[in-house]
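Student: I would like to learn how to read strand pairing, nonpolar cores and salt bridges from a structure. Could we work through one case?

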Amino acid sequence: MKPLRSRLLPFFALVWLALIPRLSWALGLGDVSDWAQSTWNAAVTTTKTGQDDLYFSGYTWHDPGTYTEAKRAVLNKHAWGIGWGRHLTNADGNEDMVYAMVFSDSHWNAEPVVGYAHQWMYFNDSPVGFGLGYTLAVTSRADIFKNIPFPIALPIASVRFGKLSIYGTFIPKVNNKLNNGNVAFFFGRYEF
């Protein structure tokens, strides 16, 4: 019998595909093909003309309501890692980013991630700015699909202090198992 994860993957894929058009419409992004094409164009333009960035990571928070104290004691909360990317600020002051990072995951394994992010930025003219957005990426983990790459879509938020930005994202729980999901991941970016 297939593991539960393997049986649920097609279900989650269908739900995701069913929700994309509704999310796209609700966010005023037009239909999915327009949104996908504009996202692709933004990623290509950012790769070609964006400013270079250094990415670094360092902390992962595991929800005490989801993980037992014993499990949290053996998980890695110091997700040290490094990466490179590019960012581009558009005419509206919002940011597009492309990046590649590798960091130590919760189980002390190397986790690579390559992706695109978009953030709606606030207070760009101030010494401290804020951003909210999303990231679309591909990652692989030893404990999920045995290191077979898989896509992720996550929310991101940031606080910017000049050329330094601190980011956070949240990986939600996707099943009712104890010691799984509800993880916050924090990383930073330095603009060259």
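The dialogue below takes these features in turn.

Tutor: Keep in mind that this is a predicted model.

Student: Let us start with the strands. In which sense do β1 and β2 pair, and over how many bridges?

Tutor: Strand β1, residues 51–62, pairs with strand β2, residues 81–89, in the antiparallel sense over 7 bridges. For one position, take Tyr55, whose bridge partner in β2 is Gly83.

Student: How many bridges join β2 to β3?

Tutor: β2 and β3 (residues 95–104) run antiparallel and are joined by 9 bridges. Within this pair, Trp84 stands opposite Ala100 of β3. The hairpin of β2 and β3 has 5 residues between the strands, and there Gly93 takes a positive phi near 85°.

Student: Now the interior. Which residues of the largest nonpolar core touch the most other members?

Tutor: This core has 13 residues, and those touching the most other members are Tyr55, Met97, Tyr99, Met101, Val113, Phe185 and Phe187. At least two residues come from each of β3, β4 (110–122) and β8 (183–191). The most come from β3, which gives 4 residues.

Student: With which residues is Tyr55 in contact, leaving aside its neighbours within four places in sequence?

Tutor: Among them are Gly83 and Trp84, as well as Met97, Tyr99, Met101 and Phe187. Another core, of 6 residues, lies apart from the one just described; its members include Ala42, Ala43, Tyr116 and Tyr134.

Student: What about charged residues?

Tutor: Side chains of opposite charge can pair when their charged atoms come close. In this model the count comes to 6 salt bridges. One of these is between Asp105 and Arg141, at 3.8 Å from N to O.

Student: Which parts does the pair of Asp105 and Arg141 tie together?

Tutor: Asp105 is in the loop between β3 and β4, while Arg141 is in the loop between β5 (128–139) and β6 (150–161), so the salt bridge ties together parts 36 residues apart in sequence.

Student: Are Asp105 and Asp143 buried or partly exposed?

Tutor: Buried means under 20% relative accessible area. Asp105 is at 2%, so Asp105 is buried. Arg141, at 13%, also counts as buried. Asp143 is at 29% and therefore counts as partly exposed. Asp143 forms a salt bridge with Arg141, with the closest N and O atoms 2.9 Å apart.

Student: Which residue forms a salt bridge with Glu191?

Tutor: Arg189 does, with 2.8 Å between the closest N and O atoms. Glu191 is buried at 11%, and Arg189 counts as buried at 0%. Elsewhere, salt bridges that share partners join Asp105, Glu111, Arg141 and Asp143 into one network.

Conventions
Residues numbered from 1 in each chain as written. Predicted model: local features only at pLDDT ≥ 70, side-chain atom pairs only at ≥ 80, totals over all residues. Heavy atoms only, no water. Pairing = 2+ DSSP bridges. Core = buried A, V, L, I, M, F, W, Y, C linked by side-chain atoms within 4.5 Å. Buried < 20%, exposed > 50% of the residue type's maximum accessible area, 1.4 Å probe, protein only. Contact = heavy atoms within 4.5 Å. Salt bridge = Lys/Arg side-chain N within 4 Å of Asp/Glu carboxyl O.
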